[in-house]
Amino acid sequence: MFGLSALDLARIQFGFTVSFHIIFPAITIGLASYLAVLEGLWLWTKERAYRDLYVYWSRIFAVCFAMGVVSGIVMAYQFGTNWSYFSGFAGGVTGPLLAYEVLTAFFLEAGFLGVMLFGWKKVGPGLHFFATLMVAAGTLVSASWILASNSWMQTPAGYEIIDGRVVPTDWLAVIFNPSFPYRLVHMVLAAYLATALFVGAAGAWHLLRGETTRRVRIMFSMAAWMVLVVTPIQIFAGDAHGLNTLEHQPAKIAAMEGHWRNGPKDEGMPLYLFGWPDMEKEETLYKVEIPRLGGLILTHQWDGQIKGLAEFPAADRPNSTVVFWTFRIMVGLGFLMLLLGLWGGVLRLFGALYDSRLYQRFALAMGPAGLVAILAGWLTTEIGRQPFVVYGVMRTADAVSNHSATTMSVTLAVFVVLYFVVFGAGVAYLLALVGLPPKDQGPDAPQAPTGGIDLSGGPLMERPARPLSAAPDVQI
């Protein structure tokens, strides 16, 4: 296909499937915590608007969770089908980590998900709130195990190679490898930001259509607060992550910066705002630069410099042309998020948060920005690790299965068609749910306890007939 090798096609196929998959867990991580906050506020304030929003977003959470599970299973199988040599070499580390994720996080989520979605009148408010907290905790535990596995591939530690296979020697070092804390914090904050932008865009959509109910205002306000508070924290966490990457993966940072060679030591290192890194010419063309700023950001020194990409062997260089731009897409969207948060904060000070249609249109346009930034960040991380699948230990070319380019072309085409049909329908259904305004659930909905949290149950509800019966039927 298009002159690509089996290795290229296997990488494209895995990148395609993981890009589809990561969208849904990112939203479920954020929505699970958001639902826990909504239910806690309902129990605390007794205000029905929080309960109504919980019901509204729990339906959307159910759809995202289902699509995340399905897409995750497909991705996991590819380790055995397309990357069998990697599985044979590093399975002693990655296999147990993924198994721990299933035994802890997935069991926790699956065990309490039914209570959370269908148990409103089968269990008391306290137990239902506990179930919501457990689902939220499960999403965070799941992210921890997945990030531990992927971070080990970026910065491997706590292992030995015996008879051509990785053997763990220190599980604490494996799990808490040098990049794990930074990448976990960065990813969880990214999921929270993506969810806040998603919720904020939904609120903006309904406000622009004349839905100014208390429920719509609450979700729009909460999203604006989240963007305002979390974005600066994420920028700080991203800077710390970058410094950690510079220490352990200097070639990746050089590729992200499009930095090939250093000038005199007293000139420092410029920051290239834009440009086109040319891998053959070993230089960044058409560059727009700010003198010294690159070295100041990366080394915190006025004359700071880092190792240029030309100083690494050509066979060990990541594709700077790609990661240079994916990194700038992520950072550019991050600063747009900061602008959105600050603008919302100013409007709130003047009591105009719900009146500025220009701000609401901006919030609506920024709805997918968090997910796009996550995809751009993951592309930067994974392509920047190349040509290694386990950094400095195993090359990607040595990890791929012995499939022909024809086989990989056919399977990639099938994946693309099926994913766009199945998940395209799922996303359309998801957007149709978001397009419906949150409604008052009426007097038959569960009521908050009047004195403390009552653990007693209520009248039995009809059993759900299908897994996604938590979500209403809508016309799409």
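**Figure 1. The hairpin of strands S3 and S4.** Two strands are said to pair if DSSP finds at least two bridges between them. The views in this and the following figures are drawn from a predicted model. Strand S3 spans residues 271–278 and strand S4 spans residues 283–290; their pairing is antiparallel and comprises six bridges. One residue pair joined in this way is Tyr 272 with Glu 289 of S4. Four residues lie between the two strands of the hairpin, and Glu 282, in the turn, has a positive phi of about 55 degrees.

**Figure 2. Positive phi angles at Tyr 286 and Arg 292.** Most residues other than glycine have a negative phi. Tyr 286, which is not a glycine, has a positive phi of about 55 degrees. Tyr 286 belongs to strand S4. Its relative accessible area is 70%, and Tyr 286 is therefore classed as exposed, the cut-off being over 50%. Arg 292 is not a glycine either, and its phi is positive at about 70 degrees. Arg 292 is located in the loop that connects S4 with helix H9 (293–299).

**Figure 3. The cis peptide bond between Gln 386 and Pro 387.** Most peptide bonds are trans. The bond joining Gln 386 and Pro 387 is cis, with omega about 10 degrees. Pro 387 is placed in the loop between helix H12 (369–385) and strand S5 (388–390).

**Figure 4. Packing of helix H1 against helix H6.** Helix H1 covers residues 6–45; its axis and that of H6 are 8 Å apart and enclose an angle of about 80 degrees. Because angles of 65 to 115 degrees count as roughly perpendicular, H1 and H6 are so described. From H1, the residues Ile 22, Ala 26, Ile 27, Ile 29, Gly 30, Leu 31, Ser 33 and Tyr 34 meet Met 187, Ala 191, Tyr 192, Ala 194, Thr 195, Phe 198 and Val 199 of H6. Sorted by class, this contact holds 12 nonpolar and three polar residues, and no charged residues.

**Figure 5. Packing of helix H7 against helix H10.** Helix H7 (residues 214–248) and helix H10 (residues 320–349) have axes 8 Å apart, and the packing angle is about 135 degrees. This angle is not over 145 degrees, nor does it fall within 65 to 115 degrees, so H7 and H10 are oblique to each other. Their crossing is left-handed. H7 contributes Ser 221, Ala 224, Trp 225, Val 227, Leu 228, Thr 231, Pro 232 and Ile 235 to the contact, while H10 contributes Gly 334, Phe 335, Met 337, Leu 338, Leu 340, Gly 341, Leu 342, Gly 345 and Arg 348. By class, the contact comprises 11 nonpolar, five polar and one charged residues.

**Figure 6. The surroundings of Thr 94 in helix H3.** Helix H3 runs over residues 84–118 and includes Thr 94. With a relative accessible area of 9%, Thr 94 is under the 20% cut-off and is therefore buried. When neighbours within four places in sequence are set aside, Thr 94 is in contact with Phe 86 and Ser 149.

**Figure 7. Val 188 in helix H6.** Val 188 is part of helix H6, which extends over residues 180–208. Its relative accessibility of 14% is under 20%, so Val 188 counts as buried. Between Val 188 and Met 394 the separation is 206 residues in sequence, and the C-alpha to C-alpha distance is 28 Å.

Key
Residues numbered from 1 in each chain as written. Predicted model: local features only at pLDDT ≥ 70, side-chain atom pairs only at ≥ 80, totals over all residues. Heavy atoms only, no water. Buried < 20%, exposed > 50% of the residue type's maximum accessible area, 1.4 Å probe, protein only. Axes fitted to C-alpha atoms, helices over the stretch in contact; angles between N-to-C directions. Parallel < 35°, antiparallel > 145°, perpendicular 65-115°, else oblique. Left-handed = near helix turned anticlockwise from the far one by under 90°. Contact = heavy atoms within 4.5 Å. Nonpolar A, V, L, I, M, F, W, Y, C, P; charged D, E, K, R; others polar.
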